[in-house]
Amino acid sequence: MTSNPYALFDRAEKKRSLSKFLDAIPLYLEARRLASKDTELRSACYFSLGDTYRMVGEFTKAGRCYREAHRLVVMLNDETRALDALVGLGLSLRATGEFKEAVALFDKSLKGYRSVRDKAGVAFTLWARAGALRIKGDLKGALKGFEESKKAFGELKDRSGVGYCLTGLGGASRVAGRPKDSRKYYAEANRVFRGLKDTFGVAYSYCGIANSLRMSGDFRGSLVFFKKAKTNYRKIGDKVSYAYTLWGEGSSYQKLGKDANALEDFKRASDLFKETKDRRGLIYCQISKGMLEFKKNPGRAKKTVSGALDKAKKLGIGVETRYARELLAAMDKEPGKLPLNLA
């Protein structure tokens with residue numbers, strides 16, 4: 001391995017651009033070590049490490065890197081990059097369920113980007129903020145935010161940005177009960193990402209297509225696309241997205257009456273969510289396990305789902321809170337309608 005930190009950083013950036021995140025991380029770490037007295041390069045390493053850790057689901061590490069990047073660029077009096085670091089930190093906090101803090105950082109960054117007329121920063125932050133609103137359960141705000149971001153990225157001729165806005169619109173549409181719109185957005189995103197050779201985007205859009213098919217009742221069709229998503233996520237080592245794919249696949253198996261396959265997927269997903277500290281994902285798995293338990297032990301199932309409801313309320317995630325409440329009501333009044341099809 002070369003002792004030139006700039007060459008190492010460039011190699012890491014190339015790996016990251018090819019979605020080879022696990023290969024990029026040790027190169028960034030070595031470049032950072034060798035650049036001990038170069039504040040500019042160290043800040044760049046921390047930024048890229050934050051982005052890369054985030055892409056593989058290491059959100060706590062990502063947050064630490066963004067905080068250090070922010071400290072260094074403030075020393076360098078670089079206002080724009082300081083805002084970039086705050087957005088990265090917000091994305092890390094969003095991923096671990098700290099939505100209030102994340103939205104506050106996005107709002108602060110949005111104001112800053114607008115004051116310095118940074119159109120790319122505004123577009124990206126609108127996307128990030130919309131994602132936080134979606135998870136909080138503000139679907140109207142999320143859809144509006146993704147549309148605003150998509151327009152801004154379009155004006156910048158940023159195809160990747162447009163693609164990620166399309167996935168955001170696909171996810172928000174699905175949760176809003178519009179699976180046909182969801183599939184349309186995800187299919188369009190998939191075409192964009194395949195054209196860009198963006199492995200993560202391809203995987204993410206395949207998973208979205210699978211979930212939209214699942215919500216439309218095409219459970220066998222969804223399994224085809226979940227398999228495609230898993231293949232691509234394995235290439236890049238994204239544990240969190242892989243876990244959500246397992247959960248979606250398990251939900252399709254559950255609807256097909258293949259409870260053993262479903263339970264195996266939920267267990268594997270739970271293990272990954274625990275490893276990456278994704279509390280929202282764990283709540284999804286807990287709700288789904290409660291549905292499976294209901295067939296054999298209704299009392300235990302209600303306790304499981306009640307526990308998920310308490311966690312969802314404490315975390316402030318509206319969609320999952322609604323799912324848990326609806327499931328508990330169905331367990332009491334309409335047990336024949338179980339399991340519900342969670343978006």
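In the predicted model described here, the lining of the second largest cavity comprises, by class, four nonpolar, no polar and three charged residues. The residues that line this second largest cavity are Arg134, Ile135, Val175, Arg280, Tyr284, Val319 and Glu320, and the elements that contribute two or more residues to the lining are helix 7 (119-136), helix 15 and helix 17 (318-333). The volume of the second largest cavity is about 30 Å³, and the count of cavities of 30 Å³ or more comes to two.

The largest cavity has a volume of about 60 Å³. Ten residues line the largest cavity, and of these Ser251, Gln254, Met291, Leu340 and Leu342 lie nearest its centre. Two elements, helix 13 (239-255) and helix 15 (279-294), give two or more residues to the lining of the largest cavity, and the largest share, four residues, comes from helix 13. By class, the lining of the largest cavity consists of five nonpolar, four polar and one charged residue. Helix 15 is thus named for the largest cavity and also for the second largest cavity.

The packing of helix 15 against helix 17 was examined next. The axes of these two helices come within 10 Å and cross at roughly 10°; since angles under 35 degrees count as roughly parallel, helix 15 and helix 17 are therefore roughly parallel to each other. On the side of helix 15, the contact involves Arg280, Ile283, Tyr284, Ile287, Gly290, Met291 and Phe294, which meet Val319, Glu320, Tyr323, Ala324, Leu327 and Met331 of helix 17. This contact of helix 15 with helix 17 has ten nonpolar, one polar and two charged residues. Among the residues of the contact, Arg280, Tyr284, Val319 and Glu320 also appear in the lining of the second largest cavity, while Met291 of helix 15 is one of the residues that lie nearest the centre of the largest cavity.

Helix 7, which contributes to the lining of the second largest cavity, also packs against helix 6 (residues 99-115), with axes that come within 9 Å and cross at roughly 160°. Because angles over 145 degrees count as roughly antiparallel, this crossing makes helix 6 roughly antiparallel to helix 7. Helix 6 passes helix 7 in a left-handed crossing. The contact is made on helix 6 by Phe99, Val103, Phe106, Asp107, Ser109, Leu110, Tyr113 and Arg114, and on helix 7 by Gly121, Val122, Thr125, Leu126, Ala128, Arg129, Ala132, Ile135 and Lys136. By class, the residues of the contact of helix 6 with helix 7 divide into ten nonpolar, three polar and four charged. Ile135, which takes part in this contact, is also found in the lining of the second largest cavity.

A further pair is formed by helix 1 (residues 5-17) and helix 2 (residues 21-34), whose axes come within 8 Å and cross at roughly 160°, so that helix 1 is roughly antiparallel to helix 2. The crossing of helix 1 and helix 2 is left-handed. In helix 1, Pro5, Leu8, Phe9, Arg11, Ala12, Glu13, Lys15 and Arg16 meet Phe21, Asp23, Ala24, Leu27, Tyr28, Glu30, Ala31 and Leu34 in helix 2. The contact of helix 1 with helix 2 has ten nonpolar, no polar and six charged residues, the charged residues including Arg11, Glu13, Lys15 and Arg16 of helix 1 and Asp23 and Glu30 of helix 2.

Definitions and conventions. Residues numbered from 1 in each chain as written. Predicted model: local features only at pLDDT ≥ 70, side-chain atom pairs only at ≥ 80, totals over all residues. Heavy atoms only, no water. 1 Å grid on protein atoms, 1.4 Å probe; cavity = no way out; pocket = protein on both sides within 12 Å on 5 of 7 lines; lining within 4 Å. Points joined across faces, edges and corners; volume = space filled by probe spheres on them. Axes fitted to C-alpha atoms, helices over the stretch in contact; angles between N-to-C directions. Parallel < 35°, antiparallel > 145°, perpendicular 65-115°, else oblique. Left-handed = near helix turned anticlockwise from the far one by under 90°. Contact = heavy atoms within 4.5 Å.
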